[in-house]
Amino acid sequence: MGAVENEITSAVKDFLNRHGGKMVRCQTGVLKVQTRFIRGAEAGTADLVGVFRGYPLAVECKTPIGKQSQTQQDWEHEWRGCGGLYCLAKSVDDVRWLLELPDRR
C-alpha cells in the first residue's frame with residue numbers, strides 16, 4: 001500500500017470512528033520477524049473492518065485510480081453474503097452515505 005492509499009485509509013477510519021463507528025485497520029500478508037512468520041488477515045480482507053452504528057462494516061480503500069483485485073472482490077461477495085455492509089472508498093466522501101443509516105445500537 002502506497003502513501004496516498006495510507007492517507008485515504010487513515011482519513012476514512014478517523015471519519016467513521018468520529019461518527020459512531022469502531023473501525024480497525026487490517027493488514028494482510030505475512031511478516032517475517034527473525035525466524036518466525038506472522039500471518040496477517042486473509043488475502044482480500046478489506047482495509048478497515050468494524051462496526052458502524054450497529055452495522056458490520058468493511059471498507060476497502062483505494063487511490064482515485066485504484067481497482068479491487070479479484071481476491072478483494074471475492075472477499076466483498078462473502079462479506080455481503082453474511083449480511084455485512086461493504087464500501088469501496090477512494091475518499092471520505094465515499095463513506096458519507098453511512099451517516100444516513102439509522103442507529104441500530
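Q: What is a nonpolar core, and which residues touch the most other members of the largest one here?

A: A nonpolar core is a set of buried Ala, Val, Leu, Ile, Met, Phe, Trp, Tyr and Cys residues joined through side-chain atoms within 4.5 Å. In this predicted model, the largest such core has 17 residues, and the members that touch the most others are V12, L16, L57, V59, V95 and L98.

Q: Which elements give two or more residues to this core?

A: Two or more residues come from each of helix α1 (3-18) and the strands β4 (48-52), β5 (55-61) and β6 (85-89).

Q: How does one read the surroundings of a single member, and what is L16 in contact with?

A: Neighbours within four places in sequence are set aside, and for L16 the contacts that remain are G21, M23, F52, L57, V59, V95 and L98. Of these partners, L57, V59, V95 and L98 are also among the core residues that touch the most other members.

Q: Which residues does the second, separate core include?

A: That core has 7 residues, including C26, A46, A58 and W75.

Q: How many helices and strands are there, and in what order do the elements run?

A: The protein has 2 helices and 6 strands, and read from the N terminus the elements follow the order α-β-β-β-β-β-α-β. With a radius of gyration of 14 Å, close to the 13 Å that the globule rule gives for 105 residues, the protein is therefore as compact as a globular protein of that length. The C-alpha trace spans about 50 × 30 × 25 Å along its principal axes.

Q: What share of the residues counts as buried, and what share of the contacts joins residues at least 24 apart?

A: Buried residues make up 38% of the 105. For the contacts, one takes those between residues at least 6 apart in sequence, and 61% of these join residues at least 24 apart.

Q: What does the protein expose, and how far apart are the mean positions of its charges?

A: The exposed area is about 6500 Å², of which carbon and sulfur atoms supply 52%. The protein carries 15 positive and 13 negative charges, and the mean positions of the two sets lie 5 Å apart.

Q: Is Y55 buried or exposed, and what does Y55 touch?

A: Y55, which is found in strand β5, counts as buried because its relative accessibility is 10%, under the 20% cut-off. Not counting residues up to four places away in sequence, Y55 touches G50, L85, L101, P102 and R104. Y55 and P102 are 47 residues apart along the chain, while their C-alpha atoms are separated by 9.6 Å.

Terms used. Residues numbered from 1 in each chain as written. Predicted model: local features only at pLDDT ≥ 70, side-chain atom pairs only at ≥ 80, totals over all residues. Heavy atoms only, no water. Buried < 20%, exposed > 50% of the residue type's maximum accessible area, 1.4 Å probe, protein only. Helix = DSSP H or I, 4+ residues; strand = E, 2+ residues; numbered from the N terminus. Contact = heavy atoms within 4.5 Å. Rg over C-alpha atoms; globule rule 2.2 N^0.38 Å. Areas by Shrake-Rupley, 256 points an atom, 1.4 Å probe, with all protein chains shown as cover. Lys, Arg positive; Asp, Glu negative; His and termini not counted. Charge placed at Lys NZ, Arg CZ, Asp CG, Glu CD.
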